[in-house]
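Q: Please take a close look at one residue in this protein and describe its surroundings. A short view of the whole chain would help as well.

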Amino acid sequence: MSTSDSNGVRLELKPHRPSAFRRLSLDVYQTVDRKDNKNDAKLEFKFNPETIRFMTYVFFWTMCILAIIITKYVARPILLAGPMDGKSCPPFETGEGFDIYEDSHLIRIFGFNNICSNWDYSPSREIIAAYFPLFEYSLVLYILADFLNVAIHHKKGLVSTRYYTAFKICFPFMIIFSARFRLIFVGIAYINVSAPTFGFLLLQIALVMVACLNVWFIIEAKIEYHIFRGHIKVFAYTYLVCNLCISAIKIYLTALVVTTAGYPSWAKGDGGSVAPGQIIDYTWMVFNAILPLIFSFVRSRSENPLKVTIDLQALPSNNSENCIELVENEEGQIVEEAAVMFIPREGGGGDGRS
């Protein structure tokens, strides 16, 4: 209850909580200087999720370029030289060196090198593992930001509940699969090719979901770009169909490597310059790592950013100039309280303060 004294000072009385409840009560407040009171202050900033996605693909391709350079100028000479003691041990099973561009462990299985061959051997694997978080964290951050973007669009009625539901179902898988790509640095390809390939398989699924959901969003939100001259839906549906088809084949082939540590003979080809599996590899990269890079750049430059406002509910203020806060103890006495803590004792008698 509240009352006031003859000087107009407000007194607040708080009833004591019976010890039978055996509860710890802590009343928290802030002493606020009126001249510095800025309770209306908020933290506001804007960002575009597509800018984060663009940077994600930039980090991915710079990671690949760095791996190619290190492999060519550092790892390859080491592999060509072979073991220093002449003994046979992985990756030198024959006791002799080999050329990664002609006889790598992936070539022996796939019939060709894919992008992962550039970080299969030391020191490329260790260096790229240190660079990799830039790509990984950016991808996870984009997925989180895009979820917020989709959620606010759905709340405003700009995308359907069907799309929003599909995104929510895919959301945890995209996060988990993106983070599990690091398995490519845990498993050693020349010891057990299935282990690092499993990490690559999860990334493939994550990137396909990201790419397809992104283009599906354009259809749902009815976004138009002048470059397509009103035919954005035709392009979007064509992209989705082609990407899903090539991705189904790519994921199937990768899953075979994970489960059987082998590759079908038709995908290896007959030893020609370009194997069928390599064509599938290149095509998949175009749809899921090159075109999305372009899409994200266009969207980041043409669409409005998200506006984020961060606020908090301030603690109750206790201004010594106009308020004295009191509490009633067990004996019925009124005492001043400055963050008083009542801790009921065992047995119910007395009070404790700290």
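A: The answer starts with Asn114 and then turns to Ser194 and the whole protein. This is a predicted model, in which local features need pLDDT of at least 70, side-chain atom pairs count only at pLDDT 80 or more, and totals for chains, interfaces and linings use all residues. Residues are numbered from 1 along each chain as its sequence is written, and side-chain values use heavy atoms, with hydrogens and water left out.

Asn114 sits in the loop between helix 3 (105-110) and helix 4 (124-155); helices here are DSSP runs of H or I with at least four residues, strands are runs of E with at least two, and both are numbered from the N terminus. Asn114 counts as buried because its relative accessibility is 10%, where buried means under 20% relative accessible area with a 1.4 Å probe, protein chains only. A polar atom of the Asn114 side chain lies 2.9 Å from the backbone nitrogen of Cys116. Apart from residues up to four places away in sequence, Asn114 touches Leu106, Phe200 and Asp281; contact means heavy atoms within 4.5 Å.

Ser194 belongs to helix 7 (residues 194-220). Ser194 also counts as buried, because its relative accessibility is 13%. With neighbours within four places in sequence left aside, Ser194 is in contact with Val257, Val258 and Ala261.

The protein as a whole has 10 helices and eight strands. Of its 354 residues, 43% count as buried. Among contacts with a separation of 6 or more, 67% join residues 24 or more positions apart.

How values were computed
Buried < 20%, exposed > 50% of the residue type's maximum accessible area, 1.4 Å probe, protein only. Polar contact = N/O pair within 3.5 Å; in protein donor to acceptor, adjacent residues only side chain to side chain.
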